[in-house]
Every structure is written in structure tokens, then in C-alpha cells.
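Welcome! Here is a short briefing to read with the structure open beside you, so take a moment to find the chains before you start.

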Amino acid sequence: MSNNSRQNGSDSTARAGGENGLTPSANLKPVQVKLVLLGEAAVGKSSLVFRFVNNEFQENKEPTIGAAFLTQKCRLEDKVIKFEIWDTAGQERFHSLAPMYYRNAQAAVVVYDVTKAASLDKAKSWVKELQRQANPNIVIALAGNKIDLVQPNEEGEDDSESGRQVPTEEAKAYALEAGLLFFETSAKKGDGVRDVFTEIAKKIPLEHIISRPRQVNNNSNQINVIQPPGANRNNGGGPAKDCAC
Amino acid sequence: MAYSSLRSPNLSPMSPIVEDFLSDSNSTLTSDEPLSPTLQPQRKYSLLKAKPTTQLTLDISSPTTYSSSSAGSSVKSFNAISNKIEIGVCGEVRPKEGSVDDILLGLMNRSNSNELHINKFLSTFGNAQRKEIDSDNETESEGEGIEQADSYIDSDISLENNCGKPLLRSPNNSLISINEECTGYRRKYGNEDPQSTNWTRHRKHFFILSSAGKPIYTRYGDESRISSYMGVIQAIVSFFADSDDTIRCINAGQHRFVFLLKGPLYLVAVSRTNESEAQLRDQLNYLYNQILSILTSTQLTKIFEQRINFDLRRLLGGTEPFLDNLATSMSDEPGFMLGSIQCVRMNKDLRDKIGNIMQSVKSKDLLYAMLITNRKLITLLRPKKHSLHPADLHLVFNMVNGSSTFRSAESWTPICLPKFNNKGFLYAYVCYIATNVCLLLISPDKDKFFELSEAKSIIVEKKRYDAMVIQLVSWLKALFTTDVGVPGLRHFIYKSRTHVQYTSPTFVEPYCNPQERQILFKLYRYTHDRMHSRVRSLKVHYYVGPSETILGWITSSFELYAAFGPLISKSALTSSSHALLRWIKREEDNLFIVNSPVF
């Protein structure tokens, strides 16, 4: 993908330091980091990735189908990191495929929407699933997206602030308790997006990865699910309430 | 609309179509299906009436037997249902009157004196003047022939996007539909109020509901707000199911209601586009296949076995673009009607070269590989013993075309191809390798993304690739009628029955605007229906309309639909069509994928 298209956007404060030059110094072998994005539908997973990879934002993006695979190179201090990102679809019907994407991942970004309380619940269940089934050393970041919707702006401050359904403190406390990195982001404005990836890169034991070939994790994981698609979406049953009428 | 006066039926000469219908209706009455004595005169009456009466009662209270054509053999007695179906000018029945409860009660309670007020539901679609309930009874819809032939041209003038009033100006724009909330995707007509006239004016509605009456999909508006209509549909269906019968079609004035019952799913089309029952049923089948391609039949049955009340929208969340896109393309793509696909016209050598390059990535993980552009196939690689059914290809095209998300990254998604295997998923690797050229690799194994991604890189890096793409893009220029060089020919569709592919030139004058195109397409559709009608199918169909002459011609190896000017003589038309066929024969290698490469 467009590795070099990343410009220094509004989030120039990113701490990865000096990656602006983006010299993919040929002698530096990039460290591959597999990262997966999870979260409820329409919380902005694709938008986050799109902002990170292309530094662009699209309104009314269509829902992702299945999963999209993108890569982005970053420089962290003296290392070049190549993020291999699985941007998964949030729809329930794809849930059973998720293990395929997170089982070799070194990092996961679980996204929720700060204007939708239910999306945090979904995020929590993803975190649980990751902690139970994914690589035990996986670095998980919790990202509350769409803060541009609740940020006080010039006019109508009260109105916009009232849109928030997940207080920062609440999510932060949860993240602390569960041992996650925590961020609030706006894919639309670009706030905080770079930080998510930078902090993840810092937290991942990179030396560890460098010393091992890429595919090593392939067999070492415990959930080589032979689960038929949709197997785990049936037992939940439908919403009991008769929402149609 | 100036246009409608131009196309008014007064100008149309007594066309052969009408004669067709006249002779046809005779054959209908003497067909093998025994009609009730009471029904027959009634139908004649309605045939002879040029203008429908305002109050017409179709009495089917006397014992009526008729054959169920879909079941084939069984002749069922309709004695059990002795009803009087009250038929009125539906425009008069306001939606407020006769609540849904009345209808349900009326349907459930089958006493002699009971009157069915199906009107509310039917009348929602306005202006229905005459109704026939047609359950598995083939002949009834035929009976409408004359009226249809008359109204054929003029009734369809206002087109979906060209109605006098803007359709999008819904007063309820402030309402946020559920879809928008949960997917972020904004449906074009997503927030139309089902009570509004905007909603009812749409020319073709599709509804999908579960057998429990839960709404699953509606082409326009918001599913959760049409649940009362879904209740009525369910009631109508179960009313016939009670007597071991299956409702297939209701003709009500301009509207046709076509039902397709597929296990736990009911699919209904409500249309005033003059499409035939069979054509609408085909479209419902495509929609059903689309749902299968998302869920597989295994999953679908399992879900509803476990919970008959399941709200399927939960699982279909995010797939509205596919269904919407499919519904739209079925109205303007001949491929669905013809059951075939279109491929890009390109030099055979180049196509072979591309095929060879793709063949070079032989991999046991690969089931199908294809290169597509704008709903057209460039090339397709397949295993020796499997071909790919056009219906499945349509689903693939629809998926690629229906979502822009594939354009931004490599994607990996499960897809069920119902004609290949409706019980399980295949996995599709989708990637655009040039602006409009999409590479699709299909594998039966869900873990093979990286292998296929690798294969893509090989294909892309393969020698001469860049030159190939440039050549390719230059070849993506469409076929024009003028290329054929046949005098008088305006447009045509040629389906090769041996290759299950069709070709058709781009629309140029006089079919530049969508309205004209729709009218032409409607004529094609009509011709297609006449030639595929189950009652008396034709081999050649010649139709002179006010602004074009349409020739339909079917042989064992091709189907041809050609449009000429209205004044062309029969002999000129014959020689021109032969010239066209000769040209196609000559160009066959370039127009069609004649022998697709295999692994």
C-alpha cells in the first residue's frame, strides 16, 4: 500500500520522533508487527486505519466486508516497524472469523464509540475474548473514537458535550484494571490516532520479534478453531425483545 | 412530461403484440387447466372491458378446481375456501380504514360471508382497479394480456428517478434510520416513511420477511416501520398455506404482487413495471441467493429452527448495500433477465495472455480466479471439473460492485456461492490491481489469505504487466453499435446460449438518457417474456412500437434482441439481423470467453 503517502497531519505531536522524514533506510530491516482492529460495527475502525495509513478521512464510509488488510511502515527511534493491519468488519456475522485475524497478532486495538455506551460493552467482550484466546503476550489498546463529536466547539458546546455516553474516566479505569493501553481518538480530525500506534510499538518487545522469524507463532496458538462459520453466533439467540413491532 | 405524450398509446399502431395476445387468450381458455364456469365468463368480461369498472366483484364462492402448475400433477379442490373477495377502487380505501387486525381476523375466520379486506395492503400501492388473486393458477395472469398490451407503453413512463416530484425530499429527513445508526452507511431511501406517498410511488418494491412475519429487508424505507405490512403478507401467505396451497401472484390493476416462499423466508415483489410473474420471481430468486451468499442455507435453516422468531437483520447488518445494489441493477441489467453474464470485448490474444499469466500462479488453494471490471468479466480461471454458474457470478459482481471498501485495501471475505454449494462458505480475496480492474481469487480455505496475496503479487509483477494493463484499459472501451456497421440497427443484446454470456453495445443516441434506456429495456424485457412464457413461447417475436421495432429471435444457440427504427421494413430487418449475426460470428472470439482457461 501507499507507504510513503503519510504526511505530517494534525497529529504532528506523535512521539515516534523524526519519522517525518520517513527514510525507509534500506539497511534497516523492518520489524513486522501484526495488528488487528476489533470492535462493534460503525465505531470507526476502518476510519482509524485509514487515517493512520493514508492520513485521510471519509464521511459515511461503507461497512467493511470481511476484513481488509493494510500495511504501514513507521519509524520508532532506530527501528523501522511495519504494521500489518487487519481491519475487521464489526458486523456480527463476521464474528466467527475473528480468531483467524487475532490469533497471530502481537497487538490489538479494540475500538468503541464514545457516543455509544453499548459499544464499550462490546469492546469489553472483545478484550475478554482476546485475553482468553489470543496470544498471551498480545498488547491490547482500547480506543474511544469519535471524540470530535463530543469536543466542545465554537458553537453549541453544551449540545455536543451531551452526546458523550462514555466518560473518559470510566473507560480509563476499566483499561487500567484490564491492563490495556488507553486512548481517545478522532479519526475525523486525526487526534490521537498516531499515538495509538506509537505507544503500541513502544510496548511491544520488538527485540523479541526481530530475533524470531515471522511465521513462528503460526502453530503455537491454542485456538486453531475448526469452528464452522456462525457457530458461535447462534447460541446467543436473537434479541428477545420484539423490536420489529 | 412531454415525453409521455409522445409515447401515448393512441399513436401506437395495432401491433402484432395485441394479436399475439388475442390468439393467446384463446389458447389460455382452452388450456389444460380446467377453469371454473363462473370464473371463465368473469375473465372474459374483464378482457373485453377496456376500462375497468369501479366496483367489480370476483366471486369465487362456487366450487372451483384448478391445477397447481408448480406442483405439476395434483389438482386441488378449492372448495374449502369459499369466499367473496371484495374488490373496490382501491384509491378510495384510505390506509386508515380497515385495520390490520381486521385483515388478520378476516383471513383467519373463514366463513362463507366473510369478506376479505386485503384492500388495505393492496391499496397502499395506490390506484389498483382490478384484482385477481392467483394462487398457483397460471392462466389468470395471462388473462390480463390485452389490458397490458394497451397500457404497456404509457403506464411506465414515469421512471424511478425521474418522477415529477423529487423522491428524496422526504419530510422525515430528521429521522435516523436504524441502518444508519448501526453501520454508518446511509441508504438512499432509508428514511422514507412507509405511509408517505413518496414511498408508495416507487415502481418496484421488494420485501423480505421471515415466516414468523418479521421484516428482514425492504428496498425502500426502514424495515422496522413496515412490520404491519409484513403482518399482512404473512397472513395472506398462511391463508393459502392452510389449504395446502401456495400463493404465487396477485394482479391488482397496474400492480403485480409476486410471492416466493423459501423455507423460513418469504420474498415479495410489488411492482408496476409490467414485468411478468416469471421475471419478478427470477429477481426474487436472485435476492434469495444474495442472502444465501451472506449466510449459507445451513446457517439460515439452523437459525430459524432454533428460533422461529429470530430477527435476521442482526446477521444481515451491513449488507444492505448488496441487496440495494442488486435490486437496482436487476432493473437495468439484461444479464439478470438472461441468466448470463457479460464479458469485456477484447482481443482474444490479449485475453489468452492474461489468462496464461493468471494460470502461472497455479495453487492448490485456488478454486477460481477472475479479473473483472465494471460488472464485466475479463477472464475466468476455473478447475477442470467445475464451471461457475452465471447466478453465482452475478453475486460476485454484485459484491465487488456494491461496496467501495474493496477499492482501498486487499480484502478477505467469506462468500457462499449458492449454485456451487449453498451449504458452505468460500473465501474471496479481492483486490483492485488497477483503477477499475479487480482481481478476485476464491479459495475454499479460510486461512489462505497470505498465499493468495502472494499469488496476486506474482500476477501483478509478472512480466509485461504494466504494458498489459495499459493495453487492457485501452480495450475497456465499450462496443458501439456503429462498430457492427449494420444499417438501421440501433441497439441489440445477443446472448450466446452455448457460452452463457451476452454482449450488448453501449447506449448511444437515441438512448442517451436513462428514461429512453428504460423504455428500450422494458421492450426487451417484454419480448423476453413473450419468448420465454411457459404458456406459449415464441421463437421469433416482431414488435413495431411507436418509436422502435424490436426483433426477438431464439434458436438453440443464441437469443437475439435487436432494436431498429420504427419504419424499417420487414425485409430490411431480416437482412440486417442476418448481417448482425454474421458480424457476431466473426467477432465471437473477441466478444466472448470462448474457452476459459482451466487449472
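In this predicted model, strands β1 and β3 (residues 79-88) of chain A run parallel and are joined by 7 bridges. Strand β1(A) also has a parallel neighbour in β4 (residues 107-113) of chain A, with 5 bridges between them. From there, the briefing moves on to chain B, its domains and one of its sheets.

**Strand β1 of chain A**

- How many residues of β1(A) are buried? Strand β1 spans residues 31-39 of chain A, and 8 of these 9 residues are buried, which leaves the strand mostly covered.
- To find the pairing with β3(A) on your screen, look for V33(A), which sits opposite F83(A).
- For the pairing with β4(A), look for L37(A), whose bridge partner is V109(A).

**Chain B as a whole**

- Chain B has 599 residues, and 45% of them are buried.
- Its secondary structure comes to 23 helices and 22 strands.
- Among the contacts in chain B with a separation of 6 or more, 67% link residues that are 24 or more positions apart.

**Domains of chain B**

- The domain assignment divides chain B into domain 1 (172-335), domain 2 (341-475) and domain 3 (481-591).
- Between domain 1 and domain 3 of chain B, the C-alpha centres are 32 Å apart. Their contact takes 8 residues from domain 1 of chain B and 9 residues from domain 3 of chain B.
- Which helices supply at least two residues each to the side of domain 1 of chain B that touches domain 3 of chain B? They are α11 (277-295) and α15 (334-338) of chain B.
- The residues on that side of domain 1 of chain B are 2 nonpolar, 4 polar and 2 charged.

**What the UniProt record adds for chain B**

- An unreviewed UniProt entry annotates residues 204-326 of chain B as "domain: FUZ/MON1/HPS1 first Longin". Over this stretch the chain is 46% helix and 24% strand, and the end C-alpha atoms lie 13 Å apart.
- The annotation "domain: FUZ/MON1/HPS1 second Longin", also from an unreviewed UniProt entry, covers residues 364-460 of chain B. Here the chain is 30% helix and 35% strand, with 19 Å between the end C-alpha atoms.
- For residues 488-588 of chain B, the unreviewed UniProt entry gives "domain: FUZ/MON1/HPS1 third Longin". That span is 38% helix and 29% strand, and its end C-alpha atoms are 22 Å apart.

**A six-stranded sheet in chain B**

- Now trace an open sheet of 6 strands in chain B, in the order β12-β19-β18-β22-β21-β20, with mixed pairing.
- Why is one side of β12 (341-342) and of β20 (540-544) of chain B left without a neighbour in the sheet? Both strands stand at the edges and each has a single partner strand, so one side of each has no neighbour there.
- Strand β20(B) runs antiparallel to β21 (residues 549-554) of chain B, and 5 bridges join the two. One of the residue pairs to look for is V544(B) with its bridge partner T549(B) in β21(B).
- Helix α22 (residues 514-532) of chain B lies across four strands of chain B, namely β18 (489-496), β20, β21 and β22 (558-564). The helix α22(B) runs at about 35 degrees to β21(B).

Technical notes. Residues are numbered from 1 along each chain as its sequence is written. Chains are lettered from A and ligands numbered from 1 in the order in which they are written. This is a predicted model: local features need pLDDT of at least 70, side-chain atom pairs count only at pLDDT 80 or more; totals for chains, interfaces and linings use all residues. Two strands pair if DSSP finds at least two bridges between them. Two residues are in contact if their C-beta atoms, placed from the backbone, lie within 7 Å. Axes are lines fitted to C-alpha atoms, for helices over the stretch in contact, and angles run from 0 to 180 degrees between N-to-C directions. UniProt positions are given in the numbering used here, feature names are shortened, and annotations may be inferred rather than shown by experiment. Domain bounds come from an automatic or database domain assignment. Ala, Val, Leu, Ile, Met, Phe, Trp, Tyr, Cys and Pro count as nonpolar, Asp, Glu, Lys and Arg as charged, and the others, Gly among them, as polar. A residue is buried if 20 or more other C-beta atoms lie within 10 Å of its own, exposed if 12 or fewer, and partly exposed in between; C-beta atoms are placed from the backbone.
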